[in-house]
Amino acid sequence: MPITNQQVAEHMFLRQMYADSYFPDHVVDRGKAILLRLCERIEAEQPSDLQALYALSQAATEEFNSLEAEFEAAGSEIETVAREVIAEDFWLVASAYGFTDADVEELIATRNW
């Protein structure tokens, strides 16, 4: 399903991670795919309130949790910079879909990183 939200479609997800050789592109690509799937789910399911959005974002966060082992296998990890970049992109997604009052900590509450 192609993303119709122009702000999201034009956004370069995880840009800072791609710019840093510490983070392997093939694993960052998987993180970008998680965020894009989150956008697709938001467009398909059209959550009506923050609780519905949080359910979607927390499911995507759990997918990021599973990437930690892949980062480690590639000699990397989801550390401070990565945590901030990922959190910012979750907030950008929420904001782009009209949830400007979303709490970024609640968006990623299920994180292990």
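This passage describes the nonpolar core, two helices, two polar side chains and the salt bridges of a predicted model.

The core comes first. The largest nonpolar core holds 36 residues. Leu14, Met17 and Phe64 touch the most other members. Four elements give two or more residues to this core: α2 (15-19), α3 (25-45), α4 (50-73) and α5 (80-96). The most comes from α5, with 9 residues.

Two of the best-connected members can be followed in detail. Leaving aside residues up to four places away in sequence, Met17 touches Phe23, Val28, Phe71, Ala82, Val85 and Ile86. Phe64 is found in helix α4. Its relative accessible area is 1%. Phe64 therefore counts as buried, a class that requires a value under 20%. With the same sequence neighbours left out, Phe64 touches Leu14, Gly31, Ile34, Leu35, Ile78, Ile86, Phe90 and Trp113. Phe64 and Thr110 are 46 residues apart in sequence. In space, their C-alpha atoms are 9.7 Å apart.

Helix α3 was examined next. It has 21 residues, which should span 30 Å at 1.5 Å a residue. The end C-alpha atoms of α3 are 30 Å apart, so the two values agree. Buried residues in α3 are Val27, Val28, Gly31, Ile34, Leu35, Leu38, Cys39, Ile42 and Glu43. The cover over these residues includes α1 (6-10), α2, α4 and α5. After α3 comes Gln46, with a positive phi near 45°.

Helix α5 was treated in the same way. This helix has 17 residues. From first C-alpha to last, α5 reaches 24 Å, close to the 24 Å expected at 1.5 Å a residue. Its buried residues are Ala82, Val85, Ile86, Ala87, Asp89, Phe90, Leu92, Val93, Ala94, Ser95 and Ala96. Elements covering them include α1, α2, α3, α4 and α6 (104-107). After α5 comes Gly98, whose phi is positive, near 90°.

Two buried polar side chains were then considered. Glu79 lies in the loop between α4 and α5. This residue is buried yet has no salt bridge. The nearest side chain of opposite charge belongs to Arg83, 6.6 Å away. A salt bridge needs a nitrogen and an oxygen within 4 Å, so the absence of a bridge from Glu79 to Arg83 fits that distance. Glu79 does have a polar partner in the backbone. A polar atom of its side chain lies 3.0 Å from the backbone nitrogen of Ala82. Beyond residues up to four places away in sequence, Glu79 touches Tyr22 and Phe23.

Asn65 is the second case. It is found in helix α4. With a relative accessible area of 15%, Asn65 is buried. A polar atom of the Asn65 side chain lies 2.8 Å from the backbone oxygen of Thr110. Residues up to four places away in sequence again set aside, Asn65 touches Thr110, Arg111, Asn112 and Trp113.

The charged pairs complete the picture. A search of the whole structure finds 4 salt bridges. One of them joins Arg37 and Glu63, with the closest N and O atoms 2.4 Å apart. This pair links distant parts of the chain: Arg37 is in helix α3 and Glu63 in helix α4, 26 residues apart. Arg37 is partly exposed, at 37% relative accessibility. Glu63 is also partly exposed, with a relative accessible area of 31%.

Another salt bridge lies within a single helix, α3. Here the side chains of Arg41 and Glu45 meet at 3.1 Å, N to O. The two residues are 4 places apart in helix α3, so about one helical turn separates them. Arg41 counts as partly exposed at 37% relative accessibility. Glu45 falls in that class at 45%.

A further salt bridge forms between Glu105 and Arg111. Their closest N and O atoms are 3.0 Å apart. Glu105 is partly exposed, at 43% relative accessibility. Arg111 is partly exposed at 29%. Arg111 is also among the residues that Asn65 touches.

Terms used
Residues numbered from 1 in each chain as written. Predicted model: local features only at pLDDT ≥ 70, side-chain atom pairs only at ≥ 80, totals over all residues. Heavy atoms only, no water. Core = buried A, V, L, I, M, F, W, Y, C linked by side-chain atoms within 4.5 Å. Buried < 20%, exposed > 50% of the residue type's maximum accessible area, 1.4 Å probe, protein only. Contact = heavy atoms within 4.5 Å. Lys, Arg positive; Asp, Glu negative; His and termini not counted. Polar contact = N/O pair within 3.5 Å; in protein donor to acceptor, adjacent residues only side chain to side chain. Expected span 1.5 Å × (residues − 1).
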